[in-house]
Amino acid sequence: MANKKLQKTHVPDDILVKILSRLPVKSLIRYICVSNRWRFLLYDPQFAKYHFKVASEQQTLSPSLLISTASELRSVHLETPSFAIGGNSLVRNLSFPFKQQGRAVKVLGSCNGLVCVALDFHECFYIWNPSTRFLQKLPDPDFGSEEIRRHYKYGFGYASTIDDYKVVVGAELTYETDRANKYPVVVFSLRANSWKKIQAPLSPHGHSEGALTNGALHWLHTSCRPQPVAIAFDLAKEEFRNVMLPICEQNELGYRRVGVLLEGCLCAWANGFPDFEYLEIWVMREYNVYESWTVLFKVANDVPIFIRESGTVVMRDRNSKNVELIWLDKNQDKFKKDVVSRERYMIQGFDSGNDLTQYVESLLPFVSIVCDQQTPVVAIPVSHLITVQEITVQNISIMVPMKLTGPNFTVWKWLFLQVLRKYRVEGLVEGTEICPPAFLFDTNGKITNQVNPAFEKWMDRDQSVMVWLNSRISEDLLPYTVGASSSHALWMIMKKRFADASDSPFA
């Protein structure tokens, strides 16, 4: 009787949404496999927006640091409890499907849990969600030349007033001698799905990521004296304006960068002349109101990465050859005077030249606002949409006669890869065939209640491959697969636990 009553229990959708919207992203990703009802809900872009809104309002967004090198991406969680534990085990190696041998990954910015990356100066721009592995390739920008030396100013952000994501990139052309054309700036609009050149008063000196707040990207204007200013680019209006930085009467300040507190306020940090022994962190309490600038606190002369209003700061040691992070906590008795060091954390295998970008975890996808109901948001080759349900577990047991026990991983994997390639589902376990959105959009860019056919086909194939994999894993190892929501997640669990990286194409 108890079982029958339990089977009839049904949580109303509105209650279920409220419960799930308060859970962290990592938990929600594991819950995708609970049922079809949960799967459709958690893949719904409207739920993703609601979940992000709740987390933003309750200030429960989970901040992480993305570390990029020429060949890999890693992530480290920045919140105090886990960060203070120390140990390199806190660093996660990220699997990213846009990886190409010999091409470095350049992170251009992050917004709402999405990260903008580029593999080259003039092509291969992507928007990627590290938490869900959602990926979308952008059209290639036109800088007027493919011979580009570097990107000197860049940024990625969301304009809520027009519901549009935008990417801003300033490039330095290698062989252009005319200064008017040597430093072009281009802007990508998701709504228009295109790039365009703009006139920009950005300084080409140095390179920096724009700080996103109040619907604008901000960069320090290095050549403005005596009044220091930040250059703000309004993402909705596509207009530049000056934001005045504070002038200290006691000491002349040398500004190094502008940033954003995790709570959303614009901030700036500067060295105090003449000794440069400390760094002052200023915060603009009311946006674009000069009188609202106040000193938050002073810190050692390093590089701030993560700043909370409460006084929690993560610094990067500028004197270390490696990526060394310093966790700091404001001493309540010395507010606005100094910050005391609590923990130092060395990230092995990285040097001080690596790029560091802060991002938060979210479920948000980056989908085309202008797609119609007949066009899947993520294009999957027709040949990849073949049905695999007719391949039974018995068929798989013949093609992969051994079960995974651990030590036999190399042979087991080699046998399975042949099967996956034969039935054209290798991209599912590799993570390169990305799951389409669950629902279609109308011509106005609004979500509909019509299920995306490409999503249904993708899920059918992915769950079938999960059944294949689980059927050839020994009973002793099956507990390790609990929580895997996709064939890629299951494959990576087995790989990380048993891989002998010498022969793996996914290594």
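These questions and answers walk through a predicted model, from its sheets to its surface.

In this predicted model, local features need pLDDT of at least 70 and side-chain atom pairs count only at pLDDT 80 or more, while totals for chains, interfaces and linings use all residues. Residues are numbered from 1 along each chain as its sequence is written, and side-chain values use heavy atoms, with hydrogens and water left out.

Me: In what order do the strands of the open five-stranded sheet run?
Reply: Strands (E, at least two residues) and helices (H or I, at least four) are DSSP runs, numbered from the N terminus. Two strands pair if DSSP finds at least two bridges between them. The pairing in this sheet is mixed. The order is β11-β10-β9-β8-β12.

Me: Which strands are the edge strands of that sheet?
Reply: An edge strand here pairs on one side only. The edge strands are β11 and β12 (208-209).

Me: How many bridges pair strand β10 with strand β11?
Reply: Strand β10 covers residues 185-189 and strand β11 covers residues 194-198. V187 stands opposite K196, and F188 stands opposite W195. The strands pair in the antiparallel sense, and the number of bridges is five.

Me: Which residue takes a positive phi in the hairpin of β10 and β11?
Reply: This hairpin has four residues between the strands. The positive phi is near 55 degrees, and the residue is N193.

Me: Which residue in β16 stands opposite D234?
Reply: Strand β15 (residues 229-234) runs antiparallel to β16, and six bridges join them. In their hairpin, E238 takes a positive phi near 55 degrees. The residue opposite D234 is E239.

Me: Which residues touch the most other members of the largest nonpolar core?
Reply: A nonpolar core is a set of buried Ala, Val, Leu, Ile, Met, Phe, Trp, Tyr and Cys residues joined through side-chain atoms within 4.5 Å. Buried means under 20% relative accessible area, exposed over 50%, and partly exposed in between (1.4 Å probe, protein chains only). The largest core has 37 residues, and the ones asked for are F156, V167, V169 and W195.

Me: Which strand gives the largest share of this core?
Reply: The share is five residues. They come from strand β9 (residues 164-173).

Me: How many residues are in the other core, which lies apart?
Reply: Its members include V429, F439, W458 and L469. The count is 33 residues.

Me: How many salt bridges are there?
Reply: A salt bridge is a side-chain nitrogen of Lys or Arg within 4 Å of a carboxyl oxygen of Asp or Glu. One of them joins D234 and R241 at 3.5 Å, N to O. D234 is buried at 13% relative accessible area, whereas R241 is partly exposed at 26%. By this rule, the count is 10.

Me: How far apart in sequence are the parts that R191 and D163 tie together?
Reply: Their side chains meet in a salt bridge of 3.9 Å, N to O. R191 lies in the loop between β10 and β11, and D163 in the loop between β8 (148-159) and β9, so the pair ties together parts of the chain. Those parts are apart in sequence by 28 residues.

Me: Is E475 buried or exposed?
Reply: The side chains of E475 and K403 meet in a salt bridge (3.1 Å, N to O). E475 lies in the loop between α11 (453-471) and α12 (487-498). K403 is partly exposed at 29% relative accessibility. At 54%, E475 counts as exposed.

Me: How many disulfides does the structure hold?
Reply: A disulfide is a pair of cysteine sulfur atoms within 2.5 Å. The closest cysteine sulfur to that of C267 is in C265, and at 8.7 Å it is too far for a bond. C267 is buried, with a relative accessible area of 0%. The number of disulfides is zero.

Me: How far apart in space are F134 and L363?
Reply: F134 lies in the loop between β6 (125-128) and β7 (135-137). F134 is buried, at 6% relative accessible area. F134 and L363 are 229 residues apart in sequence, yet C-alpha to C-alpha the distance is 8.9 Å.
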